[in-house]
Amino acid sequence: MLQYFIGTMFFFIVWLVLFLHKKFLRKEMLIMSLIVAPMGPLSAIFYLRDYWHPEYLFSIFGVGIEDLLFSFFIGGIGSVAYEEFFIKKMRKTKREQSKTLAFIGLICLFLLIILTFVFKINSIYSSSIVFLVAGAIVITKRHDLLKNAIGSGILVALIMLVFYIFFVGIYPAIIDDWWKLNNISGLLVFGTPIEELIWGFSWGFLSGPFYEFWRGFKEQE
């Protein structure tokens, strides 16, 4: 029952390293982690239906503390992964887009419900599609954030892959035991369900440029 909790500690270590690496990104990391954290237990309701069934250390209303922790850590990681490696400084040059983001959020919620419950698309695919759509909308309004979105997507997917290589190495039966492989493609990359990598890329694609778009920040030349 400790497997999921132990797994979240990998993302805690990554989160902590990134947090300590660049001081000017700490505020962004904390804000994004706090915003994303509550989405973990909410999204678990979708994923538990048709994607996987992890064992929790303890749970409330069917979801676990691990869902909250993972969302907190991946929220911060996805938001700054690209900046940590490729950007030296940010500056505020554009107006904030709070109203636009609220509109995007409503569109994505509607799209998620339609894809998952009307078209019966597995929740891991429907959520990935929603992340990509939201990220694409952000990029159409801020073309300068395209590299951030793609770079963040690749980096988050790679972090997910590294995690699963170690996780599956420690718990070889975990994928068969927890994942509902009959509901998804069944394709594995180094023992990792390809859906995890798709999800990781799509999440990074959205979360990478999210804060910069919202607060009007731009890379300083």
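## Phenylalanine 19 and its company

Let's start with one residue and see who it touches. Setting aside neighbours within four places in sequence, phenylalanine 19 is in contact with Arg26, Met29, Leu30 and Glu84. Keep in mind that this is a predicted model. Phenylalanine 19 belongs to helix H1, and it counts as buried because its relative accessible area is 17%, below the 20% cut-off.

The chain also folds back here. Phenylalanine 19 and isoleucine 77 are 58 residues apart along the chain, yet their C-alpha atoms are separated by 8.7 Å.

## The largest pocket

Now for the largest pocket, which has a volume of about 1100 Å³. Its lining is made of 45 residues, and the ones that lie nearest its centre are Met39, Ser43, Tyr47, Phe131 and Trp203.

Which helix gives the most to this lining? That would be H3, with eight residues. H3 has plenty of help: among the helices that each supply at least two residues are H1 (3-21), H4 (65-86), H6 (123-141) and H9 (194-215). If you sort the lining of the largest pocket by class, you get 35 nonpolar, eight polar and two charged residues.

## Two salt bridges

How many salt bridges does the count come to? The answer is two. One of them joins the side chains of arginine 49 and aspartate 50, at 3.6 Å from N to O. Aspartate 50 is buried, since its relative accessible area is 12%, while arginine 49 is partly exposed at 43%.

Arginine 49 sits in helix H3. Beyond its neighbours within four places in sequence, arginine 49 is in contact with Thr116, Phe117 and Lys180. Arginine 49 is also 8.1 Å from serine 123, C-alpha to C-alpha, even though 74 residues separate the two in sequence.

There is also a salt bridge between aspartate 144 and arginine 142, whose closest N and O atoms are 2.8 Å apart. Here arginine 142 is the buried partner, because its relative accessibility is 5%. Aspartate 144 has 35%, so it counts as partly exposed.

## A buried charge without a partner

Glutamate 212 is placed in helix H9. Is glutamate 212 buried or exposed? It is buried, yet it has no salt bridge. Why not? The nearest side chain of opposite charge belongs to arginine 142, 7.4 Å away, and a salt bridge needs a nitrogen within 4 Å of a carboxyl oxygen, so this pair doesn't make the cut.

Glutamate 212 still has company. Leaving out neighbours within four places in sequence, its contacts are Glu28, Glu83, Met90, Arg142, Leu145, Asn148 and Phe217. So arginine 142 turns up in that list as a contact, where the cut-off is 4.5 Å between heavy atoms.

## Two loop residues with positive phi

Time for a bit of backbone. Most residues other than glycine have a negative phi. Lysine 120 goes the other way, with a positive phi near 60 degrees. You can find lysine 120 in the loop between H5 and H6, and it counts as exposed because its relative accessibility is 64%.

Phenylalanine 190 also has a positive phi, near 55 degrees. This residue lies in the loop between strand S4 (188-189) and strand S5 (192-193). Is phenylalanine 190 buried or exposed? At 66% relative accessibility, phenylalanine 190 is exposed, since that value is over the 50% cut-off.

Methods. Residues are numbered from 1 along each chain as its sequence is written. This is a predicted model: local features need pLDDT of at least 70, side-chain atom pairs count only at pLDDT 80 or more; totals for chains, interfaces and linings use all residues. Side-chain values use heavy atoms; hydrogens and water are left out. On a 1 Å grid over the protein atoms alone, a cavity is a set of points where a 1.4 Å probe fits but cannot get out, and a pocket is an open set with protein on both sides within 12 Å along at least five of seven lines; lining residues have an atom within 4 Å of a point. Grid points are joined across faces, edges and corners, and a volume is the space filled by probe spheres set on the points. Helices (H or I, at least four residues) and strands (E, at least two) are DSSP runs, numbered from the N terminus. Ala, Val, Leu, Ile, Met, Phe, Trp, Tyr, Cys and Pro count as nonpolar, Asp, Glu, Lys and Arg as charged, and the others, Gly among them, as polar. Buried means under 20% relative accessible area, exposed over 50%, partly exposed in between (1.4 Å probe, protein chains only). Lys and Arg count as positive and Asp and Glu as negative; His and the chain ends are not counted.
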